Amino acid sequence: MSGDLVTQLVNIVGERHVLCGAAIGDIEFPWETHSGCNAKAVVRPASTEEVAAVMRCCNAARQTVVPFGGMTNLVQGCATSPDDVVLSLERLNAIEGLDRLAGTLTAQSGVTLQAAQEAAADAGLFFPVDIGARANCQLGGLAASNAGGNKVIRYGMTRDTVLGLEAVLPDGTVISSMNRYIKNNSGFDLKHLFIGSEGVLGIITRIIFRLRTTPRSHNVALLACDKFDDVVAMLAIANRALPNILSAFEVMWNNFYELAVQPRGRLAAPLAPGAAQYVLIETMGVDQAQDEAAFEALLEDLMAQDLVVDGMLAKSDRERELIWEIRDEVEPVIGAAHNFDVSLRSADIGRYVESVDAAIHAQFPEANVIGFGHLGDNNVHVSVKDIAWDEAAIRAVEHAVYGCLEPYSGAVSAEHGIGLEKRDYLPITRSSAEIELMKSLKRMLDPNNILNPGKVIDAA
Ligand SMILES: Cc1cc2nc3c(=O)[nH]c(=O)nc-3n(C[C@H](O)[C@H](O)[C@H](O)COP(=O)(O)OP(=O)(O)OC[C@H]3O[C@@H](n4cnc5c(N)ncnc54)[C@H](O)[C@@H]3O)c2cc1C
C-alpha cells in the first residue's frame, strides 16, 4: 500500500483509527472463528461519510477492502490477506432512535445485537432476531449474513426484520434506502441487494429494524424420542396445535445431548441420556394461561401417541434457561470440530444425517458426527470431530457432507452464508444461471473487484 493511501486514510479517520504493523496481529477473533488477521492496515471510520471517503480512496487505488463486523461468522467471511485493508465498523456504534409507536429501531451497523435487544426491551418492545453470538455480532454483520437463529420459525430471518438500510458502494456512492414502512412497493427493494450478500456488494452503515410486541407468555419443554420419524411427526403436530406461538423446535442427537449434559458442574441432565433424539419446543405468545394450556395439551397428545419417551416441562425461568443452555452453548460442548449448516426437507434430515455418518465413518472410523439444529426451519448443523485434520481430511469430510446433500436438493448454507469456506460448493445449491447473475451484479457494482473479493463468488 502506498504511503499516500495511508496518509489519505489518516486524514479521513484520524491517526488513532488507522492501525498498521504489530497492532493488527493483536486483533482477536471472538469464538476463534478465523485464524488471525493479516492486513496492511485496519481503518476504523465513525460515520457513513467516513466509510464513503475510505471507499473512494481505496477504489481509486484499486485497494482491496474486507469489512469487519463482530467477526463471528463461521464461513471465513472475514478472511484477509496481507494485501487487504480491513474496514472495521466498530465505531459506528450508535442507536440513533427508537420509535415506540411505529415499533422501529434505527441504528448504526456496529451496534451489537445484544445492545439492540436491550434497547428494545428497555422500550417495552422485542428485537426478534437472536443468536448465540449476540454479545459480539453486530447489526451490520447480522444483516450482511442474513442470520437466522433461534426464533426463525416465529419471526423469520434477519431479512424479514429489516425495513430499510443505508449502504456504501465500492466506489463510495451512498445508497440511502432507509425505508421505515412495513409496505413500500415503490420500485425495486434495494435493501435485499445488501442483506445476505456478505459484504461483497456494499458496506451497510445504518439499518432500520421492525420491532415486535414483547412476548408475555413463555413455555419450554425438553422431550426425548426413540426415532427421528417421531420427531418429524411431532413437528407437524406442534405446527398445527400451536399456530402463531410456536417459536422454536430444536433437535439434538443423543451424542450432542450427552456432551452437553456431561458433568461440568453446571448443566445437570434434565432427562436421562440414551434416547435417539432430544427436542426443545418453545412457545412465545401474549396469554400465559391460554398458551400454557395449549402447550400442555400438546405434550399430553404427543405422549398419548407414543411419540415421546421422556419429557420435562420447564416450570420456572431458571428451568427454561437451563434447557436453552443445553441447546445454545454449542462451542464449549462440541469443542474443536468442522461445523456444517445445511437445509433440506425436515422429513429427510434423519436419513441425511445417517448417510453423512456412514460416509464419514467409511473413511474415518474414529470420527464423531454430531447432529443438532433448527428442525422447525429445515435446518440441521452437522459437526465432525475427532479426526486428525489436514487439508485432505477437510476436503474428504466436505465432500461427504455436501455429496450426501445432493440427492435431497439441499442448500449448502441454511443460515451461516458462503464466505470463502463454501464457495466451491455453491453450484450444488445454485444453478449456473443464478451464479452468473450474482457475478454480473458484483461486476456492475464493483468493477475493480475491491470489496471482500473472492467471498461467495469468484468474480475476478
Ligand atoms: C456462537 C455462535 C452462534 C451463531 N449462531 C448463529 C445462528 O444461530 N444463526 C445464524 O444465522 N448464524 C449464527 N452464527 C453465525 C452468524 O452469521 C454470525 O454470528 C453473525 O451473523 C455475523 O455477524 P458479525 O457482526 O460477527 O459479522 P462478521 O463475522 O464480522 O461478518 C460477516 C460477513 O459480513 C461482512 N460484513 C460485516 N459487517 C458488514 C457490514 N456492516 N456491511 C457489509 N458487510 C459486512 C463481513 O465481511 C463478512 O463477510 C453464529 C456464530 C457464532 C460464533
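Start with the whole protein chain: with 460 residues, a compact globule would have a radius of gyration near 23 Å, and the chain has 23 Å, which agrees. (That radius is taken over C-alpha atoms; the globule rule is 2.2 Å times the number of residues to the power 0.38.) This is a predicted model: local features need pLDDT of at least 70, side-chain atom pairs count only at pLDDT 80 or more, and totals for chains, interfaces and linings use all residues. Numbering runs from 1 along each chain as its sequence is written.

Show the C-alpha trace. Along its principal axes it spans about 75 × 55 × 45 Å. Switch to cartoon: there are 16 helices and 18 strands (DSSP runs, H or I of at least four residues and E of at least two, numbered from the N terminus).

Next, colour by domain. Select 3-91, 95-213, 217-330 and 336-433 for domains 1 to 4; the bounds come from an automatic or database assignment.

Keep domains 1 and 2. Their C-alpha centres lie 22 Å apart. The contact takes 19 residues from domain 1 and 22 from domain 2 (C-beta atoms, placed from the backbone, within 7 Å). Select helix α3, residues 48-60: it gives seven residues, the largest share of domain 1's side.

Now go to the ligand. Of the 38 residues around it, Gly 69, Gly 77, Gly 140, Gly 141 and Gly 199 come nearest (near means a C-beta atom, placed from the backbone, within 6 Å). Select β3 (65-68), α5 (139-144) and β10 (203-210): these elements each give two or more residues to the shell. The largest share, four residues, comes from α5.

Conventions:
Contact = placed C-beta atoms within 7 Å.
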